[in-house]
Amino acid sequence: MDYRKLDEVRGSAVPLQLDTIEAFAAGRLSRREFIQRATVLGLSTGAIGMVIAACSSSSSSPSAAASVGASTAPSAAASVGASTAPSAAATGGVIRIASQKPVSVDPVAMQDLGGYGITAQSFEFLCTLDKGGSNIAPGLALKWTPNSDGTVWTFDLRQNVKWHDGSPFTADDVVATMERLVAAGNSGLKGVLGPGGAVAKDANTVVFTLVGGNGNFPYLVSVFNAQTLITPKAYVAGTTLDKVPAGTGAWKLKTYNAQTGATFERNPDWWGGPTPLDGTEFIFFDATGPMVTAYQGAQVDAIVQFDVLSGASLFNDPNFSIIATEAALHRQIWMRTDKGQFADKRVRQALAFTFDRPALIQQLFKGKAQLGNDHVIWQGYPYFDSSVPQRAQDTAKAKQLLSDAGVSNLTATLHCGQLLEIPDLATLLKSQAAQAGITLNVAVESLDTFYGAQWCPAAPKDPPCSGAAELGIVDYGHRATPDVYLNAALKSKGIWNSSQYNSPAFDAAFKEFQTSVGVDAQKAACTKIETILNDDVPIGLPYFYNYLAGNSKKFTGVYSSALGQMFFSAAATA
Amino acid sequence: MVDVIAEPTPIGPVVSPASSERSQARRETVRLLIRRPAFIIGNIVVIGWIITAVLGQRITPYDPFNQFFIGHEPPSPAHLMGTDRLGRDVLSRVMVGSRDVLIIAPLAAMLGVIAGTLLGLVMGYYRGTVDDVLSRIVEAFLALPVVLIALLTLVVLGSSPLVVVCVVGILFTPIVARTVRSAVLSERQLDYVTAAKLRGESGPFILSREIFPNVLGPTVVEMTVRFGYAIFTVATLSFLGVGLQPPSPDWGLTVSEEYNNMIAGVWWPTLFPALAIASTVIAVNLIADSLQSVLSE
Amino acid sequence: MARYISRRLVLSLVTLWLLATIVFIIANVLPNDVGRTILGPFAPQESVDALNQKLGTDRPLIVQYADSMRRVFTFDYGDSYVTGQPVLPQLAAAMARSAKLAGLALFLTIPIAIAAGIFAARRRDRLADRGVVLLGVTSSSIPEFVTGTILVVVVGVQLKLLPVLATPPPNADIPTQIRYLLMPATAMAIVYFGYIARMTRAGTIDVLQSDYTRTATMKGLTTGQVMRKHVLRNALIPTVAVIAVQVGYLFGGIIAVEKIFNYNGMGQTMLFAAQRKDIPMLTAGAIIIGIVYMLATLAADMTMAWMNPRIRLDTEH
């Protein structure tokens with residue numbers, strides 16, 4: 001341990017950052033977890049590199065620094081100054097991208113991955129995606145620093161950034177954006193940032209005063225909270241990108257047709273320097289199959305997201321490079337805990353014991369997914385605790401539990417929406433449940449109908465989602481922190497709480513998690529959450545699957561988040 | 001149609017063209033039909049599918065619903081038609097898939113034919129205001145694109161087999177009605193009808209006993225044609241996602257679930273159900289065509 | 001003739017009204033909260049109520065129906081619930097795209113089918129005739145989504161002869177557009193070939209057997225002259241009738257083909273409007289399709305009447 005190097009960093013670190021450094025030095029965090037946590041807490045990449053080098057100075061310091069460098073060097077380069085030489089000289093060319101048709105390109109209100117992807121071309125976040133695809137990196141904010149208990153965060157903004165119309169980007173734009181998001185009830189910021197919580201200290205600094213301490217705040221104003229794109233002061237709520245094209249990003253919107261596609265051209269004044277490509281062209285699709293067909297027919301070069309089955313041919317294609325990100329994408333099989341056949345915990349556990357999770361992962365994802373243990377703490381989160389035993393298929397136990405609960409010939413309708421592999425999941429679950437004598441009748445509906453009729457009907461309004469069906473499958477997109485899953489789907493009276501789960505023990509554990517800012521405290525709270533959820537089983541959660549995207553090898557430098565946002569500012573023709 | 005004896009119609013009980021004559025004509029028709037290869041082939045195929053529909057899982061090589069092997073295995077001696085994306089045997093699913101289509105399509109066709117025939121009989125026989133009004137409504141309905149209305153209704157009401165049968169049946173009614181009506185129009189002018197009226201027979205009696213048997217020919221042809229259209233339409237609706245729902249092994253649904261995989265070179269889960277649909281509709285059309293040729297001679 | 005046209009027009013209006021009513025009934029048969037559908041499950045109730053009031057969806061159904069009918073006949077269709085944009089421009093564009101596809105399909109199929117039908121009729125009951133009939137029965141039995149899928153894989157992916165997406169790049173010239181539309185149009189053309197060929201064959205057979213034709217031949221006209229002057233005209237009458245009827249089925253075929261080829265025509269637009277319960281789009285779309293259908297049938301009837309004066313004069317049909 002090279003204490004000299006360590007002390008250099010520790011000297012200028014704030015308490016929260018110190019806590020993380022200590023945890024890493026003591027071996028309680030893996031290197032990957034440390035990089036992730038430290039970036040969120042605002043430690044610069046140089047400092048992170050130094051800490052890693054310091055803590056492994058015995059043998060592998062060059063490689064340690066190199067490994068940090070490898071994953072963060074591009075963002076380090078991007079954070080250094082206002083302009084950066086691009087990695088390749090301008091190669092020209094236009095890349096054609098197959099994307100899901102956006103339902104809305106209103107940056108504040110959009111809920112779908114299609115919209116996230118399009119808006120992220122022109123607009124930017126305070127904290128953007130690093131090239132590795134899973135951490136945050138400086139975007140419109142160069143540096144962020146928490147106070148000692150994580151209640152106040154200070155963001156130093158990048159300077160000399162201009163909007164597409166030439167006007168300067170300032171802290172007022174950030175403040176206006178945040179106010180708009182808070183007023184709209186943005187799910188990531190709800191309960192964390194209140195009205196007036198964002199204040200411009202000067203033209204280049206914004207101070208966020210949070211409702212309570214929160215160690216994950218930068219995630220909530222990053223690419224992982226897709227609506228927090230920074231929009232101009234004058235953007236009134238309800239404005240959409242196509243009506244008023246604007247942005248600070250590398251691409252200016254040239255044409256937009258809600259049905260067919262959009263084109264973007266290079267922003268010559270972008271702070272990151274001129275992009276190698278001249279422009280990007282998005283083509284909209286309604287399903288992934290045709291996207292793959294289009295690629296095979298050489299009509300698109302990149303696909304924003306595809307699933308394992310439609311994209312089967314892409315895995316063996318030597319000319320296609322796949323971007324696979326392990327992600328927290330999952331399905332929740334909710335069961336009403338307040339009334340109906342699943343009100344008894346034993347019945348819910350019985351159903352969970354019929355899941356043959358490895359078989360589901362193999363059949364639906366060809367192995368490209370990770371096991372879920374009926375709770376929402378994905379193993380990729382730094383505070384995941386693996387000590388809770390993984391539930392496996394146990395038909396005998398399921399039958400035992402059912403008879404203990406005095407239930408025989410359980411028959412229920414399994415509702416789901418027509419989305420990706422979900423109908424197939426329902427078919428497989430039906431077959432697996434039948435082995436324990438449970439009869440499930442699968443009912444598939446179109447997605448819009450499903451959300452409004454089975455998952456969270458508008459009536460009765462209070463408590464939210466109390467009109468939900470007894471049993472159903474709903475999809476959840478990737479989130480960099482489980483806050484949204486815990487808050488909306490599982491907390492009592494949560495807005496997406498289709499199982500009407502109401503557990504004081506869980507609510508307390510969640511509160512503990514939310515207010516913990518140290519890594520150890522977060523982990524302890526998560527252990528409680530995992531245990532409670534695994535025992536109560538308000539939702540069955542069999543897997544977290546990988547996010548798959550990719551592009552033809554004719555282009556390089558494409559990277560993507562797990563939320564439909566694909567970045568082309570560093571892309572070039574090969 | 002039926003030849004009328006050219007002599008003055010006597011007063012008193014007069015019998016319509018002898019029923020024995022009619023049944024003799026029928027037997028003759030059947031004999032002519034059986035001679036046509038198209039008719040035979042068509043029937044073989046349809047009956048084949050009916051057998052698989054009725055016997056279902058008893059004769060499939062594997063369980064079409066709960067037995068999962070390796071996904072997307074190409075056709076082999078173990079799996080003659082390969083396996084689908086979840087690893088289920090395609091041959092078993094194709095065999096069982098005939099059941100849904102062979103229940104729903106005929107029901108829909110029959111609903112359309114029965115309703116249409118009744119309507120056509122009434123319209124053609126009574127003429128006058130009844131016919132005028134009903135004709136306008138029928139013509140209006142004829143102008144509606146079937147798939148569009150079916151699509152809308154199914155999306156709104158949810159697609160249960162019952163709704164599919166009703167919607168498709170109702171949408172077929174006007175077409176059948178129009179055919180039956182024209183047939184009735186030509187029949188009603190014939191002398192035996194006038195004779196029956198003079199005898200004092202009531203309208204419904206004439207319709208059912210006299211006219212209907214003589215319009216049976218076109219009606220039967222129409223029914224077979226409708227049957228073919230019904231299969232076609234139900235398959236298309238399933239393909240669009242508003243017909244039968246998973247995990248039904250319905251052919252149209254299977255094609256819509258698997259056709260994207262053809263790009264990856266996995267042609268078998270799509271091709272075999274598609275061929276099944278095509279074979280059934282072709283068979284039914286061959287039967288309809290033969291019937292039409294024989295009955296119009 | 002004028003009486004005939006005016007009768008047909010009145011009938012068309014009745015049909016349009018019926019169509020609009022059916023769409024209205026379908027759209028309102030289940031209780032649905034339009035404001036809630038547009039704004040989503042998490043919007044505050046006040047906004048939902050305000051939107052419902054603005055759209056007028058909180059009025060009694062009868063009032064809404066009357067208003068809906070008025071708007072249908074004044075072509076005031078409003079904005080889409082999903083995009084918030086006026087529906088007519090979007091539908092017009094989609095209609096244009098579908099029309100191109102349908103037009104190409106008909107252009108491909110009609111000449112070939114008519115030629116095949118006449119060819120078969122002249123060789124009645126010989127091998128060639130049976131072959132054409134069999135081909136016709138077979139091809140009209142294969143749903144468009146089956147032929148479309150096979151074409152995509154064989155022609156588009158394996159042989160790479162034609163593009164697999166039917167949407168051409170913007171501002172493409174006509175040959176390019178045709179190239180992109182060729183596969184989906186062929187898928188549709190294959191189905192209609194059967195109907196049209198058989199109809200033409202039946203009509204031609206009837207005419208060839210008629211006294212008029214025999215007289216003409218006996219008078220010394222060559223076969224060619226007989227064909228041109230008389231047979232074609234009358235044989236095509238049932239064909240024209242079939243083509244008009246097929247316009248309605250064209251729409252069904254179009255939906256499936258547009259789905260496979262990712263072509264944003266009326267089929268796709270209506271499919272997604274139905275799925276998203278976008279009622280203004282559905283109503284306007286259904287009316288437009290109905291109008292097109294009506295115009296096609298009217299044109300077909302006009303052509304038939306022109307070709308055979310007896311139909312014109314026969315007011316009893």
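# Exercises on a predicted model

In this predicted model, helix α17(A) passes α18(A) in a left-handed crossing.

**Exercise 1.** Determine how α17(A) is oriented relative to α18(A), and describe the residues of their contact.

*Solution.* Begin with the axes: those of helix α17 (residues 504-515) and helix α18 (residues 519-536) of chain A come within 8 Å and cross at roughly 155°. Angles over 145 degrees count as roughly antiparallel, so α17(A) is roughly antiparallel to α18(A). Next, list the participants. Helix α17(A) contributes A:Ala505, A:Phe506, A:Ala509, A:Phe510, A:Glu512 and A:Phe513. From α18(A) come A:Gln522, A:Ala525, A:Cys526, A:Lys528, A:Ile529, A:Ile532 and A:Leu533. Finally, sort them by class: ten are nonpolar, one is polar and two are charged.

**Exercise 2.** Work out the strand order of the open four-stranded sheet in chain A, and locate its edges and the helix α7(A) that lies across β5, β6 and β7.

*Solution.* The order is β4-β5-β7-β6, with antiparallel pairing. Strands β4 (141-146) and β6 (198-202) of chain A each pair on one side only and are the edge strands. From one strand to the next, the twist averages 25°. Now follow one pair: β6(A) and β7 (residues 205-209) of chain A are joined in the antiparallel sense over four bridges. Within β7(A), A:Thr205 is the residue opposite A:Asp202. Last, place the helix: α7 (residues 171-183) of chain A lies across β5 (152-157), β6 and β7 and runs at about 175° to β6(A).

**Exercise 3.** Establish whether C:Glu258 is buried or exposed, and describe its surroundings.

*Solution.* First, the residue is placed in helix α10 of chain C. Second, count its neighbours: 26 other C-beta atoms lie within 10 Å of C:Glu258. The threshold for a buried residue is 20 or more, and C:Glu258 is therefore buried. Third, with neighbours within four places in sequence left aside, C:Glu258 is in contact with C:Tyr263, C:Gly265, C:Gly267 and C:Gln268. Fourth, consider C:Gly148: this residue is 110 residues from C:Glu258 in sequence, while their C-alpha atoms are 9.6 Å apart in space.

**Exercise 4.** Characterise the side of chain C that touches chain B.

*Solution.* Start with the totals: 38 residues of chain C are in contact with 35 residues of chain B. Then assign elements. Those of chain C giving two or more residues are α1 (2-28), α6 (127-139), α7 (144-158), α10 (223-261), α11 (266-275) and α12 (279-307). Helix α1(C) supplies the largest share, nine residues. To finish, classify this side of chain C: 28 residues are nonpolar, nine are polar and one is charged.

Key. Residues numbered from 1 in each chain as written. Chains lettered and ligands numbered in written order. Predicted model: local features only at pLDDT ≥ 70, side-chain atom pairs only at ≥ 80, totals over all residues. Axes fitted to C-alpha atoms, helices over the stretch in contact; angles between N-to-C directions. Parallel < 35°, antiparallel > 145°, perpendicular 65-115°, else oblique. Left-handed = near helix turned anticlockwise from the far one by under 90°. Contact = placed C-beta atoms within 7 Å. Nonpolar A, V, L, I, M, F, W, Y, C, P; charged D, E, K, R; others polar. Buried ≥ 20, exposed ≤ 12 C-beta atoms within 10 Å, placed from the backbone. Pairing = 2+ DSSP bridges.
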